[in-house]
Structure formats: C-alpha cells, structure tokens
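Biologist: I am new to this structure and would enjoy a close look at a single part of it. Could you walk me through one helix and the places it meets its neighbours?

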Amino acid sequence: MPEKLPPHPDRGGSISRRQARRRAVEMLYEAAQRRADAVTLLADRVGAVEVDPVGDYTITVVEGVTTRREQIDELLSEHSQGWTLDRMPPVDLAVLRVGVYEMLWSADVPDAVAIDEAVGLAKELSTDDSPRFVNGVLGRIGTIADRLRAVL
C-alpha cells in the first residue's frame, strides 16, 4: 500500500465534511468496482487538474477505511442481520464502511453524526431501502461503539 499522503495547503480548503464524505464513498465504490486499491486510486486523483479537488478529510477517510477494512468488514458482517457483504449493494457497503470508520476511529465525529451522515449519503446515492438498512446496521454497531473503541 502506498504511503499516506501528507496534508497539502492547496487541497480541501473549501470542501465541507459532507462533500469530503461523499467523495470518500465515491472513491471507495469506484475502487471496489475496478478491483483496485482505494488509496492508489486516491493518490492518482490528488492534484489532478481535470477532477474536483480532493480534500484532506477525504484522504483521511479513504486511508482510514482502507487500513482498517478487515476490522470494519468483520463488524459489518456480524451486525448486518441476514446479509453478507457480497449481497450488499456496493454503494451501501461503501457508505457503511465510512460510517463505521467515523464512529470508531474519528474522535471528533459523534456517533449520531456519523450515522446521520451515512443515512443521508444512502438517501442521496442508493436505493429507497438503503437509508433504513444503513441506519439499522450502524445503529446496532452504535449501541456497542464505546466497548469497541476500548478494544480496537
């Protein structure tokens, strides 16, 4: 895996956290569809003139999800009642991964905010059933988030 990208003063100044989350979901989704490493895809986009700027928070989230993907996927598998990761719509899976990452490893994002933002992304990017599904899975993980943070 490539090294972490350093913060850059020319990136991310005008990108909101909401936009950064959405970009992270889009990049994780694209990497999954291409069967590519998300951090490598991200590195290719940073500084590219022909695409929208990539904010530092997008970089943080994509790198964090990629680094902790095994732990995140294990939690999602355990708490996605009746669903395997392979059966989940790829967009929902990307949204869930970002939500779990923010809940457990982004100290400045309250659990309720991480869940609400993930549900909003599911409404925006996926099917009519996705927001309820995302809310249910992240809600179950949220009930044990404090215990998980203590052991992760």
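Biologist: Let me start with a pair of side chains in helix H1: by about how much of a helical turn are Arg 34 and Glu 30 separated?

Modeller: Happy to help, and please keep in mind that this is a predicted model. Arg 34 and Glu 30 are four residues apart in helix H1, so about one helical turn separates them. The two form a salt bridge, with 3.1 Å between the closest N and O atoms. In general, side chains of opposite charge can pair when their charged atoms come close. Arg 34 is exposed, because its relative accessible area of 54% is over the 50% cut-off. Glu 30, by contrast, is among the buried residues of H1.

Now let us step back to the whole helix. H1 covers residues 17–34, which makes 18 residues. From the first C-alpha to the last, H1 reaches 25 Å, close to the 26 Å expected at 1.5 Å a residue. Right after H1 comes Arg 35, with a positive phi near 55 degrees.

Where does this helix sit in the overall picture? The protein chain has eight helices and zero strands, so its pattern along the sequence reads α-α-α-α-α-α-α-α. The chain has 152 residues, and 46% of them count as buried. Looking at contacts between residues at least 6 apart in sequence, 73% join residues at least 24 apart. The accessible surface comes to about 8400 Å², with 49% of that belonging to carbon and sulfur atoms.

Back to H1 and its buried side. The buried residues are Ala 20, Arg 21, Arg 23, Ala 24, Val 25, Met 27, Leu 28, Glu 30 and Ala 31. They pack against four helices: H2 (38–45), H3 (56–67), H5 (90–105) and H6 (111–125).

H6 deserves a visit of its own. This helix has 15 residues and reaches 21 Å from its first C-alpha to its last, close to the 21 Å expected at 1.5 Å a residue. In H6, the buried residues are Ala 114, Ile 115, Glu 117, Ala 118, Val 119, Leu 121 and Ala 122. Their cover includes H1, H5 and helix H7 (130–142), so the packing between H1 and H6 shows up from both sides.

Charged side chains also link these two helices. Glu 124 and Arg 22 meet in a salt bridge, at 2.0 Å from N to O. Glu 124 lies in helix H6 and Arg 22 in helix H1, so this pair ties together parts that are 102 residues apart in sequence. Both partners count as partly exposed: Glu 124 has 48% relative accessibility, and Arg 22 has 28%.

Another residue of H6 to look at is Glu 117. At 12% relative accessibility, Glu 117 counts as buried, because the cut-off for that is under 20%. Leaving aside residues up to four places away in sequence, Glu 117 touches Arg 18 and Arg 21.

In total, the structure holds twelve salt bridges. One of them is formed by Arg 97 and Asp 73, whose closest N and O atoms are 2.8 Å apart. This pair links distant parts of the chain, with Arg 97 in helix H5 and Asp 73 in helix H4 (residues 69–79), 24 residues apart. Arg 97 is buried, with a relative accessible area of 7%, and Asp 73 is buried too, at 12%. Salt bridges that share partners also join Arg 18, Arg 21, Glu 102 and Glu 117 into one network.

Finally, H1 has a part in the largest pocket. That pocket has a volume of about 170 Å³. Its lining is made of Leu 28, Tyr 29, Ala 32, Arg 69, Leu 85, Asp 86, Met 88, Pro 90, Leu 93, Ala 94 and Arg 97. H1 and H5 each supply at least two residues of this lining, and H5 gives the largest share, four residues. Two of the lining residues may be familiar by now: Leu 28 is listed in the lining and is also buried in H1, while Arg 97 is listed there and forms the salt bridge with Asp 73.

So, if you follow H1 in the view, look for its packing against H2, H3, H5 and H6, its salt bridge to H6 through Arg 22 and Glu 124, and its place in the lining of the largest pocket.

Terms used. Residues numbered from 1 in each chain as written. Predicted model: local features only at pLDDT ≥ 70, side-chain atom pairs only at ≥ 80, totals over all residues. Heavy atoms only, no water. Expected span 1.5 Å × (residues − 1). Buried < 20%, exposed > 50% of the residue type's maximum accessible area, 1.4 Å probe, protein only. Contact = heavy atoms within 4.5 Å. Salt bridge = Lys/Arg side-chain N within 4 Å of Asp/Glu carboxyl O. Areas by Shrake-Rupley, 256 points an atom, 1.4 Å probe, with all protein chains shown as cover. 1 Å grid on protein atoms, 1.4 Å probe; cavity = no way out; pocket = protein on both sides within 12 Å on 5 of 7 lines; lining within 4 Å. Points joined across faces, edges and corners; volume = space filled by probe spheres on them.
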